[in-house]
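Me: I'd like to walk through this fold with you before I head back to the bench. Could you take my questions one at a time?

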Amino acid sequence: MNSKQCPSCGSSNIYQESATVYRCGDCFDRLPTGTTMDSPPPKVYGTSQKNHQTTATSNWKNLFTGIVVAWLVLGSSIFTYFKNSMSGFNSLTEEEKTTIQIDPSLESIEIIPEGEFQFTSALPDVLGNVYFLGKFTNKSGQNLLMPKFTVDLLNADGTNLGSGFGYADKNLILDGDSVSFQVLFSSAPKYDHYEISVTATTIPGEAIKQELLLKQIDFKRNQYKEIVLFGKIQNRGNLTANFTKINCLLIDKKGNSIDYETVSLEKQDLLPKESENFQIIFSRTKQLPDSYYCETSSIIKDNGAN
């Protein structure tokens, strides 16, 4: 045996690190003194040495242990996957069998409601578009949801040159209530006259009536010569009004609409009995109106909750 051996691993690969320090080139342990050991290394092993020390028996034990652990992990994974797959299958099966019961009393139908049209006008712009607008009063005896207004452009002999449709900003129209509407025709053809019709879906049962009051309405011109409507809106009900909108038609002496605009309150929630000022700028017309028609709409919130 070589007399110059590492006391930790028994290697004879010894080198001098400094004048008084020797180190093993295999395990890099520092020798206890500046001289090498003549006796065999003691059976004391460092961490790295211990990790590399194996015997045939320990190899078989490690191999067997590894196989058992692998099977346990793989078996657990397969079981989990199979369980999840069966769970997903059962979930899908249950969803396919799920049915939703519909109360027949809540079914709605589409109708052509009876009513009255007022202030209907066709407002062209410089781009060739035409805005058809007016007011419709529901006299059908039923509450209406999202009335759809259709405008047919006709020539002198009644031939249809094209149709367009639009919806009112106010979605729910109670029996006896009114709503303004606008229908846009892009690049409208030349026509002799037009006809307006309305269809809507009925709402069975009673609906909550909004109690929003518009008051102190006045008109002025701003520095740009535009017509500005000033007013105040008050929530006279006991429920909070959320996302409140105000729609207005300006009407001339002949009963025709000459402009329209919509504005939303900056204040998101209008509390019961609360009031808020608002203004609407009309940029199309330059003449002061002879009268006007304004309406409000909002989402009703009960005790501050949807």
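Reply: Here come the questions, each with a short answer.

Me: Where does this model come from, and how are residues numbered?
Reply: This is a predicted model, where local features need pLDDT of at least 70, side-chain atom pairs count only at pLDDT 80 or more, and totals for chains, interfaces and linings use all residues. Side-chain values use heavy atoms, with hydrogens and water left out, and residues are numbered along each chain as its sequence is written, from 1.

Me: How many helices and strands does the protein chain have?
Reply: Both are DSSP runs numbered from the N terminus, with at least four residues for helices (H or I) and at least two for strands (E). On that count, the protein chain has two helices and 17 strands.

Me: What share of the 306 residues in the protein chain is buried?
Reply: Buried means under 20% relative accessible area, exposed over 50%, and partly exposed in between (1.4 Å probe, protein chains only). By that cut-off, the buried share of the 306 residues is 31%.

Me: Is Asp177 buried or exposed?
Reply: Asp177 sits in the loop between strand S8 (172-173) and strand S9 (178-185). A contact is heavy atoms within 4.5 Å, and, leaving out residues up to four places away in sequence, Asp177 touches Phe136, Thr137, Asn138, Lys170 and Lys209. Its relative accessible area is 19%, so Asp177 is buried.

Me: How many bridges join strand S5 to S9?
Reply: S9 is mostly covered, with seven of its eight residues buried. Two strands pair if DSSP finds at least two bridges between them. S5 (residues 130-138) and S9 run antiparallel, and Val130 stands opposite Phe185 in S9. The number of bridges joining S5 to S9 is eight.

Me: Are the rings of Phe117 and Phe181 stacked or edge-to-face, and what does that pair tie together?
Reply: Rings of Phe, Tyr and Trp (its six-membered ring) pair if their centres lie within 6.5 Å; planes under 30 degrees apart are stacked, over 60 edge-to-face, and the rest tilted. The whole structure has 12 aromatic pairs; in this one the ring centres are 5.9 Å apart and the planes stand at 90°, so it is edge-to-face. Phe117 lies in strand S4 (residues 115-124) and Phe181 in strand S9, so the pair ties together parts that are 64 residues apart in sequence.

Me: Which of Phe117 and Phe181 is buried?
Reply: Phe117 has a relative accessible area of 30%, so Phe117 is partly exposed. Both rings belong to one aromatic cluster with Phe136 and Phe149. With a relative accessibility of 0%, the buried one is Phe181.

Me: Which ring does the charged end of Arg284 sit over?
Reply: A charge sits over a ring if NZ of Lys or CZ of Arg is within 6 Å of the ring centre and within 35 degrees of the ring normal. Lys220 does this with Phe230, 5.7 Å from the ring centre. For Arg284, the distance to the centre is 5.6 Å and the ring is that of Tyr131.

Me: Which strands stand at the edges of the open sheet S11-S12-S16?
Reply: This open sheet has three strands with antiparallel pairing. Strand S12 (residues 227-235) pairs with S16 over eight bridges, and Ile233 stands opposite Glu276 in S16. Each edge strand has a single partner strand, so one side of each is left without a neighbour in the sheet: these are S11 (212-221) and S16 (275-282).
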